[in-house]
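Here is a short note for a colleague who has not yet seen this entry. Please keep the sequence and the structure open while reading.

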Amino acid sequence: MKIETEASFYTYDILSKDIDSTKIPAFSISYRFPQITTRDLNGDGRNDMIFLRENNLIAFIQKEDGSFPVIPQKKHFSIRTAEERREEFINMKIQVDDLDGDGLADVLITKQKVKGLTSMIARTIIFYNCQGTFNDTPEQVISTEGTASVSSIVRDINNDGKMDLILPTFRFGITSIIRYFLTQEIKVKFLIFLMQDDNRYPLRSNFERVVKFKIDLSGKSNLRVINIDGDFNGDGIRDLALGTEDNRLSIFTGLKNPRKGGKIFSSKADCNVEINTLACLTTTDLTGDKRSDMIFSYPRNSEMEGLIKVLVKSGEK
């Protein structure tokens, strides 16, 4: 199968007064390969090969014999307004996942609009899979006004078989910039939307949690870790692993029936571990006891480059 790459061409500013007409202007070309994933798009029980880029989906539908066609199916999601095409800078990210648990891959696009330095608006646009096809207009649009969000996290937080939505957002303004230079930290608010019984998300988040991240503009360290993929006590519910300090990891237990109780995780940390949290954290069950263990890596720390730290859960719950 063949897939087209996207080329971006950059050159000098034609309005610059420093241009020397006797010299060859500098330019650069970069190529972007689309994201690749596999999901069932047409409900035949076989995973299809899917290529994603901005608001475009290219799919090679798997045949009964396991092969793929030469010519793919293409879908362009028209989500830019006429005004956005003319004036505004738009940053988009597309992803696919079975959001409502019907076995078909749905499409979720995060669109960030930028108007000036301090004006950012994010919209999460959802197209539900309708028996192998997508409508031209989205079924849901969730807006986070006055905030910036470039990523959407999809997880089944309350173990009901349906994917919930987590939108990391932060306010970007003069006050935030001043706070950063004084504290070297930014506050990120995680908006959590639980999928409802009608297989749709509420327009307003069910829960919010504010997390402080230490930022290193030199690129010599990672952000403090945050992970919601681990189950550290074996109860089948996701827990929150959060770097509350540079050298302290805190575990907040996931609670049953979050809609009824009004909380997703415990308010206070159930466990604290002394470890460098400016890292990348992977959670997985290494020992087969149905409880998650932790693997820390430090790709942006020159002093700890190549170092891997493994934390295995002890026998006691």
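The points below go from the whole chain to one sheet, then to the nonpolar cores and the cysteines.

1. The model is predicted, and every value in this note is computed from it. Residue numbers start from 1 along the chain as its sequence is written.

2. Strands and helices come first. The protein has 21 strands and three helices. Of its 317 residues, 40% are buried.

3. The surface and the contacts can be put in numbers as well. About 18,400 Å² of the protein is accessible, and carbon and sulfur atoms account for 51% of that surface. If contacts between residues at least 6 apart in sequence are taken, 42% of them join residues at least 24 apart.

4. One sheet can be followed strand by strand. It is open and made of four strands, in the order β3-β4-β5-β6, with antiparallel pairing. The edges are held by β3 (35-39) and β6 (73-76); each has a single partner strand, so one side of each is left without a neighbour in the sheet. On average, neighbouring strands of this sheet are turned by 25° against each other, direction ignored.

5. The pairing at the β3 edge can be given in detail. Five bridges join β3 to β4 (residues 48-53) in the antiparallel sense. Within this pair, Thr38 stands opposite Met49 of β4.

6. Which residues touch the most other members of the largest nonpolar core? They are Leu41, Leu57, Phe77, Val107 and Phe127, in a core of 18 residues. Two or more residues each come from β4, β5 (56-60), β7 (89-97), β8 (106-114) and β9 (120-127). The most come from β7, which gives four residues. As a general background, nonpolar side chains tend to be buried together in soluble globular proteins.

7. Val107 shows what such a position looks like. Leaving aside residues up to four places away in sequence, Val107 touches Leu57, Phe77, Ile94, Gln95, Val96, Ile125, Ile126, Phe127 and Phe134. Apart from the largest core lies another, of 16 residues, including Ile192, Phe207, Val211 and Leu242.

8. How many disulfides are there? The count is zero, where a disulfide would need a pair of cysteine sulfur atoms within 2.5 Å. Two cysteines can be looked up for their exposure. Cys271 is partly exposed, at a relative accessible area of 35%. Cys280 is also partly exposed, and its relative accessible area is 31%.

Conventions:
Predicted model: local features only at pLDDT ≥ 70, side-chain atom pairs only at ≥ 80, totals over all residues. Heavy atoms only, no water. Buried < 20%, exposed > 50% of the residue type's maximum accessible area, 1.4 Å probe, protein only. Contact = heavy atoms within 4.5 Å. Areas by Shrake-Rupley, 256 points an atom, 1.4 Å probe, with all protein chains shown as cover. Pairing = 2+ DSSP bridges. Axes fitted to C-alpha atoms, helices over the stretch in contact; angles between N-to-C directions. Core = buried A, V, L, I, M, F, W, Y, C linked by side-chain atoms within 4.5 Å.
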